[in-house]
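Hi everyone, thanks for making time today. I'd like to walk you through one structure, mostly by way of its charged pairs and its helix packing. Have a look at it first, and then we'll go through it together.

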Amino acid sequence: MNEKTTLEIIAPTVEEAIAQGLAQLGLTADAVSVEVLDAGNKGLFGLRKPQVRVRLTVVPPGGAIETKPESTPAPRREAKRVEPKPEPKRVEKKPEPVPVEKSEPQPEHDALLNHTEEVVSKMLHLLNLEAQVSAHYGEAERDDRRNIHVDIRGNDLSVLIGRRSETLTAFQYVASLIVGKETEQFIQLTVDVEGYRDRREKQLVQMAKRMADQVAKNGRRQTLEPMPSGERRVIHIALRDHPAVKTESTGEEPYRKVMIVPKED
């Protein structure tokens with residue numbers, strides 16, 4: 001079964017949305033099919049500029065239109081027998097094989113992923129933000145439930161992250177509730193904006209290891225700044241196999257912190 005790549009775009013006009021999508025995919029218009037999901041409106045009381053939402057689906061290689069081979073012209077019947085002049089031999093050039101890039105197999109883009117992209121796109125639309133949304137499955141959890149990762153990319157999206165990613169965490173929570181309610185199943189979403197969570201996770205791991213080395217060296221516990229539960233989990237995982245220190249959470253939300261303590265304690 002061929003896997004289809006889809007991309008949803010929000011923009012002021014259909015033409016701009018298609019142009020952004022083709023630029024994002026690096027394809028031409030004949031390589032995708034376009035579906036207008038929302039023709040756009042002026043918003044509440046006509047105060048917002050209209051926005052449209054379209055979905056671009058990459059046409060699989062097998063869906064391309066096959067070219068018919070040229071038919072061989074029928075030989076002419078000459079009224080008189082005339083010795084034909086020898087024609088120069090035609091050398092047919094064989095088409096060069098197109099190099100095929102090997103890509104890692106990706107999970108099927110099923111109805112749940114499509115619905116997740118639609119929900120997140122509508123939420124961005126209500127916030128009057130233009131962005132591209134793509135969803136894919138993450139690794140299976142212990143109870144075999146797969147986490148859905150949603151990647152949002154666009155310009156001027158820092159407002160969606162907020163201080164200490166508080167806005168992004170709230171956005172992620174609301175999106176999880178909506179998708180779960182509409183699909184009648186438990187949904188765990190991880191929403192990322194322009195790769196922010198990956199960058200933040202690397203910073204947290206580096207900081208955790210640096211603080212752990214200080215605790216192991218001087219034997220004094222260290223308390224980190226208040227963090228959301230997701231960031232505290234990154235600290236716990238980063239140091240769970242450390243030979244000299246262990247981690248504990250202390251305090252109440254939203255000021256709950258991680259303490260790094262020597263294992264002798």
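Let me start with the term we'll need: a salt bridge here is a side-chain nitrogen of Lys or Arg within 4 Å of a carboxyl oxygen of Asp or Glu. Please keep in mind that this is a predicted model.

So, how many salt bridges does the count come to by this rule? The count comes to 9 salt bridges. I'll take three pairs and then a network.

First up, R232 and E253. R232 forms a salt bridge with E253, and their closest N and O atoms are 2.7 Å apart. R232 lies in helix α5, while E253 lies in the loop between β8 (245–250) and β9 (257–262), so the pair ties together parts that are 21 residues apart in sequence. Now, is R232 buried or exposed? R232 has 7% relative accessibility, and because buried means under 20%, R232 counts as buried. E253, on the other hand, is partly exposed, with a relative accessible area of 46%.

Next, R200 and E225. Their side chains meet in a salt bridge at 3.6 Å, N to O. This pair links distant parts of the chain, with R200 in helix α4 and E225 in the loop between β7 (222–223) and α5 (229–239), 25 residues apart. R200 is buried, with a relative accessible area of 19%, and E225 counts as partly exposed at 42% relative accessibility.

The third pair is E194 with R153, whose side chains meet in a salt bridge at 3.2 Å, N to O. E194 lies in the loop between β6 (189–193) and α4 (196–218), and R153 lies in strand β5 (residues 146–154), so the pair ties together parts that are 41 residues apart in sequence. E194 is partly exposed, with a relative accessible area of 29%. R153 counts as partly exposed too, at 32% relative accessibility.

And which residues make up the network of salt bridges? E8, E35, R53, R55 and E118 are linked in it.

Let's move on to the helices. α4 and α5 pack at an angle of about 50 degrees, with their axes 9 Å apart. That makes α4 oblique to α5, and α4 passes α5 in a right-handed crossing. On the α4 side, the residues in contact include Y196, R200, L204 and A208, and on the α5 side they include E231, V234, I235 and L239. You'll recognise R200 there from its salt bridge with E225. The residues of this contact divide into 10 nonpolar, no polar and 4 charged.

The other helix pair is α2 (residues 111–126) and α3 (residues 166–183), packing at an angle of about 130 degrees with their axes 10 Å apart. α2 and α3 are therefore oblique to each other, and their crossing is right-handed. Among the residues that meet are L112, V119 and M123 in α2, and F171, V174 and I178 in α3. By class, the contact of α2 with α3 has 10 nonpolar, 3 polar and 1 charged residues.

One last stop: A31, in the loop between α1 (14–25) and β2 (32–38). Leaving aside its neighbours within four places in sequence, what is A31 in contact with? The residues are T57, V58 and V59. The C-alpha atoms of A31 and L56, 25 residues apart along the chain, are separated by 9.7 Å.

That's my tour, and thanks for listening!

Conventions. Residues are numbered from 1 along each chain as its sequence is written. This is a predicted model: local features need pLDDT of at least 70, side-chain atom pairs count only at pLDDT 80 or more; totals for chains, interfaces and linings use all residues. Side-chain values use heavy atoms; hydrogens and water are left out. Axes are lines fitted to C-alpha atoms, for helices over the stretch in contact, and angles run from 0 to 180 degrees between N-to-C directions. Helices (H or I, at least four residues) and strands (E, at least two) are DSSP runs, numbered from the N terminus. Angles under 35 degrees count as roughly parallel, over 145 as roughly antiparallel, 65 to 115 as roughly perpendicular and the rest as oblique. A crossing is left-handed if the near helix is turned anticlockwise from the far one by less than a right angle, and right-handed if clockwise. Contact means heavy atoms within 4.5 Å. Ala, Val, Leu, Ile, Met, Phe, Trp, Tyr, Cys and Pro count as nonpolar, Asp, Glu, Lys and Arg as charged, and the others, Gly among them, as polar. Buried means under 20% relative accessible area, exposed over 50%, partly exposed in between (1.4 Å probe, protein chains only).
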